[in-house]
Amino acid sequence: DFQSHLQRCQQLSVTVLTDHQDLSNTGLRTILNSPAPQQYRIRAKLRTFKPQKLHQSVKLHCSKCNSLKEIPNGDDLNLILQESAATAPNPELHNTSWYDSVMWTTQDQNQRKIAMHFVKHDEMLQEPEDTLLMIEGGTLKEVWKLSRRFKCVIPVRSTEDDLALLDLSAPFLLQGSVKYYGCKQCSTPKTIKNLSTLAAEQRPSWEPTEIAEVLGIVPLQYVFIMKFTLVDGTGALNAYLFDY
């Protein structure tokens, strides 16, 4: 695995080379004292790397404001969903011209009220694998389970006038095993009724980028980031890996 691979590399006194085979080796101290950008060839050892656990290397990045954000954990998401469930679904927002609604009360101690809104196409419900589903009052486990069955799932809450997205700390969309997040700083969330324009298309694809656009969301991208500290006896150089 990745961890054991790095350990083997360290035991072999890692040699790090650039592609510039025509260049002679340059000490890190010289590089640190030189103006950028320039091309060098180095020979160095890997002293440390961060983070130590591979899953901690994955972050959320906004290409618009260039901010980085940690991926919320399950406890954080559960808390957001619980807070949204404190507001009962508004029956006046059910069964519109572009979605059908079903509501029930759970049999557990909390007796949560859950509402699911199935988006229609040509006034008809589609097959689950083609359906966009909006849910109010569901737990993370319930939302996750639904995302495996339906094309897309959007957690929502009721307002007086329309359904709305949750706090953008939560994903604005789940599709299969992927959670899609929006940038709090750059997004200007719109009401859910804007999705009706996509539902009216000849063949709604429910692409995450299209959904984000009509809902006023600037999507965050998953990125992989690591920091390596290289040493060669003359100095230490931090090298950063950043990739989508």
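**Figure 1. P51 and its cis peptide bond.** Look for P51 in the loop that links β1 and β2 (58-61). This is a predicted model, and in it the peptide bond running from K50 to P51 is cis. Its omega sits near -5°.

**Figure 2. P37, another proline after a cis bond.** Here we're in the loop between α2 (28-32) and β1 (45-50), which is where P37 is found. The bond from A36 to P37 is cis, and omega is near 0°.

**Figure 3. N95 and its backbone angle.** N95 isn't a glycine, yet its phi is positive, at about 55°. You'll find N95 in the loop between α3 (74-85) and β4 (99-105).

**Figure 4. How the chain splits into domains.** Domain 1 takes in 1-63 + 225-243, while domain 2 covers 71-217. So to speak, that's the cast for the next two views. Measuring nothing by hand, just going by C-alpha atoms, the centres of domain 1 and domain 2 are 43 Å apart.

**Figure 5. Where domain 1 meets domain 2.** Which residues of domain 1 lose the most area to domain 2? First, the overall picture: four residues of domain 1 touch five residues of domain 2, and the area buried between the two domains is about 320 Å². Carbon and sulfur atoms give 91% of that area. On the domain 1 side, V58, L60 and C62 lose the most, and together they make up 95% of what that side buries. V58 and L60 fall within the range given for β2 (58-61).

**Figure 6. What kind of contacts hold the view in Figure 5.** How many salt bridges does the rule find across the interface of domain 1 and domain 2? Zero. Polar contacts come out the same way, with zero residue pairs between domain 1 and domain 2 when both residues are at pLDDT 80 or more. By class, the face of domain 1 that touches domain 2 has three nonpolar residues, one charged residue and no polar ones.

**Figure 7. Zooming back out to the whole chain.** The protein chain has six helices and 13 strands. Its radius of gyration is 24 Å, well over the 18 Å that the globule rule gives for 244 residues, so the chain is more spread out than a compact globule. Along its principal axes, the C-alpha trace spans about 75 × 40 × 30 Å.

Note on methods: Residues are numbered from 1 along each chain as its sequence is written. This is a predicted model: local features need pLDDT of at least 70, side-chain atom pairs count only at pLDDT 80 or more; totals for chains, interfaces and linings use all residues. Side-chain values use heavy atoms; hydrogens and water are left out. Domain bounds come from an automatic or database domain assignment. Contact means heavy atoms within 4.5 Å. Buried area is the accessible area (1.4 Å probe) that two parts lose on being put together, summed over both. A salt bridge is a side-chain nitrogen of Lys or Arg within 4 Å of a carboxyl oxygen of Asp or Glu. A polar contact is a pair of N or O atoms within 3.5 Å; within protein, one must be able to donate a hydrogen and the other to accept it, and residues adjacent in sequence count only if both atoms are side-chain atoms. Ala, Val, Leu, Ile, Met, Phe, Trp, Tyr, Cys and Pro count as nonpolar, Asp, Glu, Lys and Arg as charged, and the others, Gly among them, as polar. Helices (H or I, at least four residues) and strands (E, at least two) are DSSP runs, numbered from the N terminus. The radius of gyration is taken over C-alpha atoms; the globule rule is 2.2 Å times the number of residues to the power 0.38.
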